[in-house]
Amino acid sequence: MKPRAYLLMVFVVAVWGSTFVLIKGALADASPGAFNLARMTLAFALLGIAYHGSWRTIRSSHLAAGALVGLCLAVGYQFQTTGLALTTPSKSAFITGLVVVLVPIFSSIPGIHPPGAARPRWNAFLGAALAFVGILLLTAPPVAASSGTVSTQITGLLPDLSSMNAGDILTFGCAIGFAFHCIALSHVSPRIPFQPLALLQVGFCALFMAVSLPLIEHPHIRWTPRLIVALLIAAALATAAAFSIQSWAQSVLPSTHTALLLTLEPAFAWITSFLFTGERLGLRPASGAILILVGIALTELVPQPHVPSAHEA
């Protein structure tokens, strides 16, 4: 059973990584908010059919929890897809992966700390520091150096924060949103069965996206084969099916193994982007990407009670 769980989790991570390129292409035919709303509405319909027997188990006390988790999920996806329209797929994936680093850091804040969860250890803070340096190298170009003196060469190694891509900044907002989504799940999931929670959070996510859509953009959508294929894969494979597979696999595999498999998502995104769009990372951004992966892996070396994922719903 464990070999099957490993293979299925690698498949899930590969699907998540490849969807960055897929969605990037689909955004030529739809605005980010419109794409997200269509994706979550379709995913909600699919989950509603798959878990049709769970509708009657939903209680009124579940609604507030589902709304909170759905709100965090909507914030994460809105930032991610809007940022993806302005940056590259591999950068988006690496920055989104920071959620693994942010969850233990945010969990140390009083009032947010999940009940019974362990406090973050030294490795979490060191991993966060490495990932922070990595994101600066990945997203911010160096300060221009005008001469060859030692001082200007050192200055040229520093990041020029004023030249950061707006898409990269928005994507970092998505990592924050997904981190709070993971923390919210750790608070409510022990009290609510998996199936009704899945229905409620995806349903409320679609609702919040519908309400916010006219406030964040002028939505447009052009139904092309490329867009339809992207929606079907994103909703059916990357959301409904992947969430179900991950939930089963995490009941079989050690949490640290699952977390380390999730760190492969940015790598799959970069490989897919290289094969289909020819995207290449220079020495500086590639070094930043490696530091992010090292920071994520270091954070997960010490087991955590909850394994965060950017795609848990």
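This is a guided tour of a predicted model, moving from the whole chain to selected helices, cores and single residues.

**The whole chain**

Begin with the full protein in a cartoon view coloured by secondary structure, where you will find 13 helices and zero strands, so that the order of elements from the N terminus on reads α-α-α-α-α-α-α-α-α-α-α-α-α. Of the 313 residues, 51% count as buried, and if you switch on the accessible surface, the total comes to about 13700 Å², with 73% of that area belonging to carbon and sulfur atoms. A contact map adds a further view of the chain: among contacts between residues at least 6 apart in sequence, 87% join residues at least 24 apart.

**The nonpolar cores**

Next, select Met 40, Leu 98, Val 99, Met 209 and Ile 292, which touch the most other members of the largest nonpolar core, a set of 39 residues. Add helix H9, residues 194–216, to the selection, since the largest share of this core, seven residues, comes from that helix. Then centre the view on Ile 292 and display its surroundings: leaving out residues up to four places away in sequence, Ile 292 touches Phe 94, Leu 98, Ala 131, Gly 134, Ile 135 and Leu 138. A second core, separate from the one just visited, has twelve residues, and you can locate it by selecting Val 15, Ala 242, Leu 261 and Leu 262, which are among its members.

**Helix H8 and its cap**

Move now to helix H8, residues 166–188, and place a distance between its first and last C-alpha atoms: the 23 residues reach 33 Å, close to the 33 Å expected at 1.5 Å a residue. At the N-terminal end of H8, show the side chain of Asn 165, which caps the helix through a side-chain oxygen lying 2.5 Å from the backbone nitrogen of Gly 167.

**A buried glutamine in H3**

Select Gln 80, which lies in helix H3, residues 60–84. Is this residue buried or exposed? At 7% relative accessibility, Gln 80 counts as buried, and its contacts, not counting residues up to four places away in sequence, are with Phe 20, Ser 92, Thr 96, Cys 174 and Phe 178.

**The cysteines**

Colour the cysteine sulfurs and look for disulfides, of which the count comes to zero. Why does Cys 72 not form a bond with Cys 182? The closest cysteine sulfur to that of Cys 72 is in Cys 182, and the 9.6 Å between them is too far for a bond. While these side chains are displayed, note that Cys 72 counts as buried at 13% relative accessibility, and that Cys 205 counts as buried at 0%.

**Glu 217 and the segment around Gly 33**

For the last stop, select Glu 217 in the loop between H9 and helix H10, the latter spanning 225–250. Glu 217 counts as buried, with a relative accessibility of 15%. Add Gly 33 to the view: the two residues are 184 residues apart along the chain, yet their C-alpha atoms are separated by 7.1 Å. Leaving aside neighbours within four places in sequence, Glu 217 is in contact with Ser 31, Pro 32, Gly 33 and Ala 34. Two polar approaches can be drawn here as dashed lines, one joining the side chains of Glu 217 and Ser 31 at 2.5 Å, and the other running over 3.0 Å from a polar atom of the Glu 217 side chain to the backbone nitrogen of Gly 33.

Terms used: Residues are numbered from 1 along each chain as its sequence is written. This is a predicted model: local features need pLDDT of at least 70, side-chain atom pairs count only at pLDDT 80 or more; totals for chains, interfaces and linings use all residues. Side-chain values use heavy atoms; hydrogens and water are left out. A nonpolar core is a set of buried Ala, Val, Leu, Ile, Met, Phe, Trp, Tyr and Cys residues joined through side-chain atoms within 4.5 Å. Buried means under 20% relative accessible area, exposed over 50%, partly exposed in between (1.4 Å probe, protein chains only). Helices (H or I, at least four residues) and strands (E, at least two) are DSSP runs, numbered from the N terminus. Contact means heavy atoms within 4.5 Å. A disulfide is a pair of cysteine sulfur atoms within 2.5 Å. Accessible areas come from the Shrake-Rupley method with a 1.4 Å probe; for residues, only the protein chains shown count as cover. The expected span of a helix is 1.5 Å times one less than its number of residues. A polar contact is a pair of N or O atoms within 3.5 Å; within protein, one must be able to donate a hydrogen and the other to accept it, and residues adjacent in sequence count only if both atoms are side-chain atoms.
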